[in-house]
Amino acid sequence: MSRPSRTPARAQGPAYFNGTVVQRGGGAPGGRGRVQPDTYQDEHDRRLRLFSGTANPKLGQEIACYMGLELGQIKLKRFADGEQYVCVRESIRGCDVFLIQSTCTPVNDNLMELLIMADACRRASARSITAVIPYFGYARADRKATARESIAAKLVANLLTVSGLDRVLIVDLHSAQTQGYFDIPVDHVHGSPVILDYLASKRIPQDDIVVVSPDVGGVARARAFAKKLGDAPLAIIDKRRSAHNVAEVMNVIGDVTGKVAIMVDDMIDTAGTISKGAKVLRENGAMAVYACATHAVFSPPAVERLSGGLFEEVIVTNTIPIPLESQFPQLTVLSTANLLGETIYRIHEDTSIREVMT
């Protein structure tokens, strides 16, 4: 991809395979692969600053590595009573600031930290402030399913807006219409290109593939995924949910006999839906079952369900950090650092991100 002459070629970020970091391209040990610092002496480029919260510092470092930048200096701490403190330790006056923070577990602490980071940057006279939110917590609370329920996704969008943010960059919202809850621009990118690149490397015969939606609500996502996977056939699992985090699988719509079933969803939480779906697919003659999701929430008992032998492989991305105790042999974690780094660069340069979004 051509770049303006003043812009250095960025290092290729790392990808994870079965929990191991694999570095693509050259670079120093440890996955840095940085360009030389003196290539970023242009005044325009010095106005781009990256800061990472405490939710996913490893991903923040990988994004900085891809872009050939250092993470900005920021002090983050919690007082004894649980209150949070944020202080930017360098001048950001007139800079385009990008705050990298997933609102994953602990959701409320990470959300509050992001809000305070945005406020600190606003008071430090940043030219623009963009929140890079790889995983948007409360995304599933996007409507009133019953009377007298809150719409927490809208509330969180309001909080982010009034904190001083100018723009939000989010990966795979649970519902795309949640973008409309924000009164500031939202750049919504998808993790599917990262997963599709990995699946292509496995060289599964095209005639053997069937893409499966774990529920009716995910059909549009699965259809788009199948189209990019060589226009693969589509199957749907019909399920009935009796309570929160409880799913009952009924039957499979479509032919999966003798096929490699690739189940696609935006997230895996307790893995109840996807594991029951995998069981039904096996009962209906599927040769192998792969689970693909952008966000690995992995609430208990997800690990036990996913590692129980139903899946050939569970493929997720690193939008949420996965602790060592939640990893298992079938798990593959792919890095979104290149995807997010490229999007951040294009936002900073005021160029189109359409190629990244599709």
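## Exercises on a predicted model

**Exercise 1.** In this predicted model, which residues does Phe-225 touch, leaving aside those up to four places away in sequence?

*Solution.* Start at Phe-225 and look for its contacts: they are Ser-192, Ile-195, Leu-196, Leu-199, Val-211, Ile-262 and Val-264. Next, place Phe-225 in its wider setting. The largest nonpolar core has 43 residues, and Phe-225 is among those with the most contacts inside it, together with Ile-63, Met-67, Val-211, Ile-262 and Ile-344. Helix H9 (residues 337-348) contributes the most to this core, giving six residues. Finally, another core of 33 residues lies apart from it, including Ile-92 and Tyr-181.

**Exercise 2.** Find the buried residues of helix H6 (residues 219-228). Why do they lie on the same side of H6?

*Solution.* First, list them: Val-219, Ala-222, Phe-225 and Ala-226 are buried. Then check their directions: they share one side of H6 because they cover an arc of only 125° around the axis. A general rule helps here: an α-helix has 3.6 residues a turn, so residues three or four places apart point the same way. Now turn to the face away from the buried side, where you meet the exposed residues Ala-220 and Lys-227. Gly-230, which follows H6, has a positive phi near 75°.

**Exercise 3.** In what order do the strands of the open five-stranded sheet run, and which are its edges?

*Solution.* Read across the sheet: S3-S6-S7-S8-S9, with parallel pairing. S3 (48-52) and S9 (186-189) each pair on one side only, making them the edge strands. From one strand to the next, the twist averages 20°. Last, find helix H2 (residues 57-67), which packs on the sheet and touches S3 and S6 (96-100).

How values were computed:
Residues are numbered from 1 along each chain as its sequence is written. This is a predicted model: local features need pLDDT of at least 70, side-chain atom pairs count only at pLDDT 80 or more; totals for chains, interfaces and linings use all residues. Side-chain values use heavy atoms; hydrogens and water are left out. A nonpolar core is a set of buried Ala, Val, Leu, Ile, Met, Phe, Trp, Tyr and Cys residues joined through side-chain atoms within 4.5 Å. Buried means under 20% relative accessible area, exposed over 50%, partly exposed in between (1.4 Å probe, protein chains only). Helices (H or I, at least four residues) and strands (E, at least two) are DSSP runs, numbered from the N terminus. Contact means heavy atoms within 4.5 Å. The arc is that of the directions from the helix axis to the C-beta atoms. Two strands pair if DSSP finds at least two bridges between them. Axes are lines fitted to C-alpha atoms, for helices over the stretch in contact, and angles run from 0 to 180 degrees between N-to-C directions.
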